[in-house]
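Student: Could you take me on a close look at one single part of this model? I'd like to see how one residue sits in its surroundings, and then how that spot fits into the whole chain.

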Amino acid sequence: MDVPPDATVAATCPYCGRPFASTDARDLHVGEVHGAACSAAERADYEAAHEAERDALFYYHLRVVAALGVLYALTVLLYMVALGSDLL
Ligand SMILES: [Zn+2]
């Protein structure tokens, strides 16, 4: 697989040689694509990377929900101010 000249390769797949920018991405790839052939240590690395990815996704969704809540509150507040000042 071609890697752009300015990209850094942190890890490569031991089964297919695919380059990855992080070891977590390599661990996820090995567990998902080469799950039947990987060793117990690689399986443990995959499960740890999968758990870390799930946690990161949970906090991302939490931030999105908080941002939507703030946006909703600001919209309602702006609407109430506009109603109170007879702009509408
Ligand atoms: Zn691979």
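Tutor: Let's start with His29, which counts as buried because its relative accessibility is 10%, and buried means under 20%. Keep in mind as we go that this is a predicted model. His29 is found in helix 1, and it has company there: Asp27, Leu28, His29, Val30 and Gly31 are buried in that helix. What lies over them? The cover for the buried residues of helix 1 includes strand 2 and helix 2, which spans 40–84.

Now look at what His29 touches. Leaving aside residues up to four places away in sequence, its contacts are Cys13, Cys16, Arg18, Phe20 and His34. Three of those names come back when you look at the metal: the zinc ion is coordinated by Cys13 and Cys16 through their SG atoms, and by His29 and His34 through their NE2 atoms, at 2.0 to 2.3 Å. The arrangement is tetrahedral because the four donor atoms subtend angles of 103 to 122 degrees around the zinc ion, and four donors count as tetrahedral if all angles lie between 85 and 135 degrees.

If you follow the chain with a finger, the zinc donors appear with the spacing C-x2-C-x12-H-x4-H. Cys16 sits in the loop between strand 1 (11–12) and strand 2 (19–20), while His29 belongs to helix 1 (residues 23–33), so this pair ties together parts that are 13 residues apart in sequence. Is Cys16 buried or partly exposed? Its relative accessibility is 47%, so Cys16 counts as partly exposed, whereas His29 is buried.

There is also a database record for this stretch. An unreviewed UniProt entry lists residues 13–34 as "domain: C2H2-type". In the model, that span is 50% helix and 9% strand, and its end C-alpha atoms lie 9 Å apart.

Let's stay in helix 1 and move to Asp27, which lies there too. Asp27 is buried because its relative accessible area is 11%. Not counting residues up to four places away in sequence, Asp27 touches Asp45, Tyr46 and Ala49. It also forms a salt bridge with Arg26, where the closest N and O atoms are 3.1 Å apart. As background, side chains of opposite charge can pair when their charged atoms come close.

How many salt bridges does a search of the whole structure find? The search finds two. Besides the one at Asp27, the side chains of Arg54 and Glu51 meet in a salt bridge, at 2.7 Å from N to O. Arg54 and Glu51 are three residues apart in helix 2, so about one helical turn separates them. Arg54 counts as partly exposed because its relative accessibility is 47%, and Glu51 counts as partly exposed because its own value is 36%.

Another residue to visit in helix 2 is Arg43. With a relative accessible area of 28%, Arg43 is partly exposed. It touches Gly31, Gly35 and Cys38, again not counting residues up to four places away in sequence. Gly31 is one of the buried residues of helix 1, which brings us back to where we began. Looking the other way from Arg43, its C-alpha atom and that of Leu88 are separated by 61 Å, with these positions 45 residues apart along the chain.

On the way toward Leu88 you pass another annotated stretch. The unreviewed UniProt entry lists residues 64–82 as "transmembrane region". In the model, residues 64–82 are 100% helix and 0% strand, and the end C-alpha atoms are 27 Å apart.

Finally, step back to the whole protein. It has two helices and two strands, which run β-β-α-α from the N terminus on. Its C-alpha atoms fill a box of roughly 70 × 35 × 15 Å, taken along the principal axes. The protein has a radius of gyration of 23 Å, but a compact globule of 88 residues would have one near 12 Å. Buried residues make up 16% of the 88 residues. Among contacts with a separation of 6 or more, residues 24 or more positions apart account for 9%. So the residue we started from, His29, belongs to that buried part because its relative accessibility is 10%, and it is also one of the residues that coordinate the zinc ion.

Note on methods. Residues are numbered from 1 along each chain as its sequence is written. This is a predicted model: local features need pLDDT of at least 70, side-chain atom pairs count only at pLDDT 80 or more; totals for chains, interfaces and linings use all residues. Side-chain values use heavy atoms; hydrogens and water are left out. Donors are N, O and S atoms within 2.8 Å of the metal (3.2 Å for Na, K and Ca); water is not among the atoms, so sites may look incomplete. Four donors count as tetrahedral if all angles lie between 85 and 135 degrees; four count as square planar and six as octahedral if opposite donors are over 155 degrees apart and all others between 65 and 115; anything else is irregular. Helices (H or I, at least four residues) and strands (E, at least two) are DSSP runs, numbered from the N terminus. Buried means under 20% relative accessible area, exposed over 50%, partly exposed in between (1.4 Å probe, protein chains only). Contact means heavy atoms within 4.5 Å. UniProt positions are given in the numbering used here, feature names are shortened, and annotations may be inferred rather than shown by experiment. A salt bridge is a side-chain nitrogen of Lys or Arg within 4 Å of a carboxyl oxygen of Asp or Glu. The radius of gyration is taken over C-alpha atoms; the globule rule is 2.2 Å times the number of residues to the power 0.38.
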